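Work through the exercises below with the sequence and the structure at hand. Each task is followed by its solution.

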Amino acid sequence: AKVRLQIQGERQGPMQAAASAQYRGVLGTILTMVRTEGPRSLYSGLVAGLQRQMSFASVRIGLYDSVKQFYTKGSEHAGIGSRLLAGSTTGALAVAVAQPTDVVKVRFQAQARAGAGRRYQSTVEAYKTIAREEGFRGLWKGTSPNVARNAIVNCAELVTYDLIKDTLLKAHLMTDDLPCHFTSAFGAGFCTTVIASPVDVVKTRYMNSALGQYSSAGHCALTMLQKEGPQAFYKGFMPSFLRLGSWNVVMFVTYEQLKRALMAARASREAPF
């Protein structure tokens, strides 16, 4: 739903037929997709999405603590600057690894399942078709806005989660357990959506654009501003928030539980008999 709302308003390229369906709000978009394309359309791009998350999240989350320690030179206290640098670094590294999966995911989610407007029939075909028609660089299309978007998202998610959690603990409003992790993650999801939505919309439009439609990501952003106004940069805000909010809750709650389990296992191994 997020991608469909973000690309609505395009009037060029192969998405013209798909854009004829008008989407209004999260629920309206979902109902329109189910009615016109069937329930399976809600999971379009699932395979590429799983590929993206497996490669992307493992880099940006798995390396965050290590990179943060590198910037703080092993110090226990990490300032806001070190956290921002660590978030930007791991976000950029993750994009470099996972960019092709993100391009395929966006294009699958953007295309209509019904009619002759479908560009790809399977994930493997999408990778092959993009590489054949647009060259190897086509799989890395939109890397610059994606690096910017994910550096912002990574910083916003990880830093705001850290800050909200630290504030709750220092103010003794909550203890370091599940409710605190849930609240911190949900707050991080909202802050991230507010900050990252404009770059996210440009990234989605540019990745999904036909060859030659935009000369650069900046051209894409300028075209959106001229034709649709500033509000275009916040298209799909609510599904973006629902996605990032739920994703942050699942990610951080799972991460905290796994980290606690690993620390307990390490302590039990190192404890004397």
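**Exercise 1.** Find the sign of the phi angle of Gly38.

Solution. Gly38 lies just after H2. Gly38 takes a positive phi of about 95 degrees. The model is predicted: local features need pLDDT of at least 70, side-chain atom pairs count only at pLDDT 80 or more, and totals for chains, interfaces and linings use all residues. Residues are numbered from 1 along each chain as its sequence is written, and side-chain values use heavy atoms, with hydrogens and water left out.

**Exercise 2.** Compare the expected span of helix H2 with the distance between its end C-alpha atoms.

Solution. Helices are DSSP runs of H or I with at least four residues, numbered from the N terminus. The expected span is 1.5 Å times one less than the number of residues. For H2 (residues 25-37), with 13 residues, this gives 18 Å. The end C-alpha atoms are 17 Å apart, which agrees.

**Exercise 3.** Where do the buried residues of H2 lie around its axis?

Solution. Buried means under 20% relative accessible area, exposed over 50%, partly exposed in between (1.4 Å probe, protein chains only). Val26, Thr29, Thr32, Met33 and Glu37 are buried in H2. Seen down the axis, the buried residues of H2 fall within an arc of 135 degrees (taken from the directions from the helix axis to the C-beta atoms), so they line one face of the helix. Leu27 and Arg35 are exposed, on the face turned away from the buried side.

**Exercise 4.** Name elements that cover the buried residues of H2.

Solution. Among them are helix H1 (2-7) and H10.

Methods. Helix = DSSP H or I, 4+ residues; strand = E, 2+ residues; numbered from the N terminus. Contact = heavy atoms within 4.5 Å.
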